[in-house]
Amino acid sequence: MKANVFLTIIGAVVGCLIGYLAYYVAEGDQNDMVCGIGSAICFIATLCPLIGWQFESGKLGTNIRMMTLIFFVVFLISNFCFAGFGVNMPLYVIVNGVLLLIYLAIFYKMQGINNI
């Protein structure tokens with residue numbers, strides 16, 4: 001795995017901007033700051049591998065990118081539903097935390113695959 005520094009920084013900045021958008025949508029709610037920071041973390045974790053990283057195997061890279069794209073869409077839906085309908089902090093942290101841990105576990109296992 002190689003990281004293109006410029007594209008990784010762009011992915012991180014886009015993740016922060018989408019996180020700020022989630023904060024803006026949830027503005028006025030009691031836990032809007034938690035929504036903004038949690039969203040930024042989830043989006044950075046998915047956008048950096050999606051945009052800025054290259055993998056040794058083309059097939060492995062394609063599989064990781066597709067899995068990452070699926071989790072990115074799930075995080076978009078989850079975070080903006082919470083932001084739009086009101087942020088219930090325990091439920092928000094549990095749902096997005098479990099999703100993030102599942103994503104990171106699958107990503108870690110897929111990285112260790114040698115033959116596809």
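Here's a quick briefing on the fold, the surface and one helix of this protein. Keep in mind that the model is predicted. The protein has 4 helices and 2 strands, and along the sequence they come in the order β-α-α-β-α-α.

**Overall shape**
- Along the principal axes, the C-alpha atoms take up a box of roughly 50 × 25 × 15 Å.
- The radius of gyration is 15 Å, which agrees with the value near 13 Å that a compact globule of 116 residues would have.
- Among contacts with a separation of 6 or more, 76% link residues 24 or more positions apart.

**Burial, surface and charge**
- Buried residues make up 37% of the 116 in the protein.
- The accessible surface is about 6800 Å², and carbon and sulfur atoms account for 73% of that.
- There are 4 positive and 4 negative charges, and their mean positions sit 30 Å apart.

**A closer look at H3**
- Helix H3 covers residues 58-85, and at 1.5 Å a residue its 28 residues should span 40 Å; the end C-alpha atoms are indeed 40 Å apart, so the two agree.
- Its buried residues include the phenylalanines Phe-71, Phe-72, Phe-75 and Phe-82, along with Leu-60, Ile-64 and Met-67.
- Also on the buried list are Gly-61, Thr-68, Ser-78, Asn-79 and Ala-83.
- An α-helix has 3.6 residues a turn, so residues three or four places apart point the same way.
- What do the buried residues of H3 pack against? They pack against helix H1 (5-25), helix H2 (32-52) and helix H4 (89-111).

Technical notes. Residues numbered from 1 in each chain as written. Predicted model: local features only at pLDDT ≥ 70, side-chain atom pairs only at ≥ 80, totals over all residues. Heavy atoms only, no water. Rg over C-alpha atoms; globule rule 2.2 N^0.38 Å. Buried < 20%, exposed > 50% of the residue type's maximum accessible area, 1.4 Å probe, protein only. Contact = heavy atoms within 4.5 Å. Areas by Shrake-Rupley, 256 points an atom, 1.4 Å probe, with all protein chains shown as cover. Lys, Arg positive; Asp, Glu negative; His and termini not counted. Charge placed at Lys NZ, Arg CZ, Asp CG, Glu CD. Expected span 1.5 Å × (residues − 1).
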